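Let's take a walk through this structure together, one region at a time. Keep the sequence and the 3D view open as you read.

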Amino acid sequence: MTDLEPILSIALDLSASLGSADRYRRLLEAVRQAIPCDASALLRVEGDVLVPIAAHGLTPDAMGRSYPRADHPRLDVICSADAPVLFPPDSPLPDPFDGMLARDASALRHVHACLGCPLRVEGELVGALTADALDPDAFAGLDLRLLAFLGALAGAAMRTSSLIEALENAAAHEGLVARELVRDAQEREGQLIGTSEAMMRLRREMELVASSQLTVLILGETGVGKELVARGIHAASHLRDKPLIHVNCAALPESVAESELFGHVRGAFTGATSDRAGKFEIARGGTLFLDEVGELPLSVQPKLLRALQDGEIQRVGSDRTLRVSTRVLAATNRDLESEVAAGRFRADLYHRLAVYPIRVAPLRERREDIPILAGYFCDLARRRLGVGPVRLTRAAHLALARYAWPGNVRELSNVLSRVVLRASATVRRGEPIVIDAPALGPELAELGTGDVPTTADGVALAAAATVEPGMSLREAVAEFQREMIRRALAASGGNWAAAARRLRMDRGNLHNLARRLGLR
């Protein structure tokens, strides 16, 4: 075998489809072919520290160590050199691998022959290649030019592997993001629906805060649509093309909450068989939505505070700090101020989360949206079940509008989905399904009787009664708007300017809307 064969082997590997571990292993095999050594190592430069990434002939613990240049003068000499370095057998400088040669580990003898080559790519130091032997004369007569060739190719191989690793990590990250988003899309759907003043105010706030980088705390009762608000803020922000990662803090046991948010390294705890990125890393460059943040264990809250305050996280079991650039949106149905006073939530974390608080109104405070929501959920149930058109009677609309809805929009959705499913079993496939008040259940049935209120407080209920069975969502919204305008005009004595003030609209916009709805 000639001296050129190891060089040819390394050169061919540069263009081969190899993983980093295989590429480094074959590189060291080529080094052993060219150099009569008992051990060889490939080390990567990380600041002023050399970290072994591959080795042959060394004890296993050698790979678990790091080698600061300041503590290992031979490595410092190698890294400072412009060419391969051959140390004399009697060099007073300690060898970094003294006592760690696998061939003679029990003797703990000093290495007698040592050489090293700095690995540079375009003048930049990327690593070092070392070789050691117990025989003091093992490297006598070695052509250092061959070692220089090996070093040049080894540096190129290391750079190639680093680029491949970066691409693989990026691909792995994108894969994690894709899986999160696919799962998210499968589990969740919906949109913010409503034309009430509360909803219009909410949309204005969402639009305002979306253009900023502020942390948002979304407050509201269970079922009001806090998650939809978070999605809307993300969709309207400059991060709309980046991932939105959802974390349900209420579903995180204290034992895994830290790992789920910040990740862990291999061996950090029983079952941690590999490194794993947390949700903060997966969402980097995008938005992280912490749903039910009020349920987060107290033990994890300081780390979350650090992530929000300094943009730094630390995987479980690691002493390395990672920088993350992630916008955080949080939501809770708890009164966090009361939780802080009770000692169940950190005050500093609360103030860090509530940079911009947004309150989502419960359904009972925006009853005028109920007819529109009812039409939307009936149509959604129709499409999911593959049934004919779903129609609500006047009594059913009245019952829905009068009910208190302690479960808010989610409860409304569940009631209508359940009722449509039951009703579908009583009609032929494709035939219209008519929902009357008794079908809604005993709590709502009695609310569908009686006259429609005519006072100002009853406007929403009267408007609900104008929605006819079989109307599409668009038609129901238009009819709802007509009824609101008619009642505002009646209360204003036919004065359009006064009606516009009652509706909190610009007079010109009201005239345009009235013409579009056929009222003028």
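A residue is called buried when its relative accessible area is under 20%, exposed when that area is over 50%, and partly exposed in between. Arg276, at 34% relative accessibility, therefore counts as partly exposed. Please keep in mind that this is a predicted model.

Arg276 is a good place to begin, as its side chain forms a salt bridge with Glu260, with 3.5 Å between the closest N and O atoms. The two partners come from distant parts of the chain, 16 residues apart: Glu260 belongs to helix H7 (254-262), while Arg276 sits in the loop between helix H7 and helix H8 (279-282). Elsewhere, Glu295, Arg334, Glu339 and Arg344 are joined into one network by salt bridges that share partners. In total, the structure holds 21 salt bridges.

Two further pairs are worth a look. Glu197 and Arg201 meet through their side chains in a salt bridge of 3.9 Å, N to O. These residues are 4 apart in helix H5 (residues 197-210), so about one helical turn separates them. Glu197 is partly exposed, at 27% relative accessible area, and Arg201 is partly exposed too, at 41%. The other pair is Glu46 and Arg44, whose side chains form a salt bridge of 3.5 Å, N to O. Here Glu46 is partly exposed at 43% relative accessibility, and Arg44 is partly exposed at 22%.

Let's turn to the strands. Strands of a sheet pair through backbone hydrogen bonds, either parallel or antiparallel. In this model, an open sheet of 6 strands runs in the order E3-E2-E1-E6-E5-E4, with antiparallel pairing. Strand E3 (67-68) and strand E4 (85-87) are at the edges; each has a single partner strand, so one side of each lacks a neighbour in the sheet. Strand E1 (residues 39-46) pairs with strand E2 (residues 49-56) in the antiparallel sense, over 7 bridges, and Val45 is found opposite Leu50 in E2. Helix H3 (residues 73-80) lies across E2, E3, E4, strand E5 (113-121) and strand E6 (124-133), at about 40° to E5.

Now for the interior. In soluble globular proteins, nonpolar side chains tend to be buried together. The largest nonpolar core here has 33 residues, and those with the most contacts inside it are Leu400, Trp405, Leu416 and Leu440. At least two residues of this core come from each of helix H12 (370-385), strand E14 (390-392), helix H13 (394-402), helix H14 (408-424), strand E15 (433-435) and helix H17 (473-491). Helix H12 gives the most, with 9 residues. Leaving aside residues up to four places away in sequence, Leu400 touches Ile370, Ala374, Leu392, Trp405, Leu412, Leu416, Leu440 and Leu444. Another core, of 32 residues, lies apart from this one and includes Ile282, Ala307, Ala330 and Phe345.

Trp405 deserves a second visit. It lies in the loop between H13 and H14 and is buried, with a relative accessible area of 0%. Its phi is near 50°, a positive value in a residue other than glycine. Glu292 also has a positive phi, of about 55°, although it is not a glycine. This residue is in the loop between strand E9 (287-291) and helix H9 (301-310), and at 16% relative accessibility Glu292 counts as buried.

What about the cysteines? Cys37 is buried at 14% relative accessibility, and Cys378 is buried at 5%. With sulfur atoms required to be within 2.5 Å, the count comes to 0 disulfides.

Terms used:
Residues numbered from 1 in each chain as written. Predicted model: local features only at pLDDT ≥ 70, side-chain atom pairs only at ≥ 80, totals over all residues. Heavy atoms only, no water. Core = buried A, V, L, I, M, F, W, Y, C linked by side-chain atoms within 4.5 Å. Buried < 20%, exposed > 50% of the residue type's maximum accessible area, 1.4 Å probe, protein only. Contact = heavy atoms within 4.5 Å. Pairing = 2+ DSSP bridges. Axes fitted to C-alpha atoms, helices over the stretch in contact; angles between N-to-C directions. Salt bridge = Lys/Arg side-chain N within 4 Å of Asp/Glu carboxyl O.
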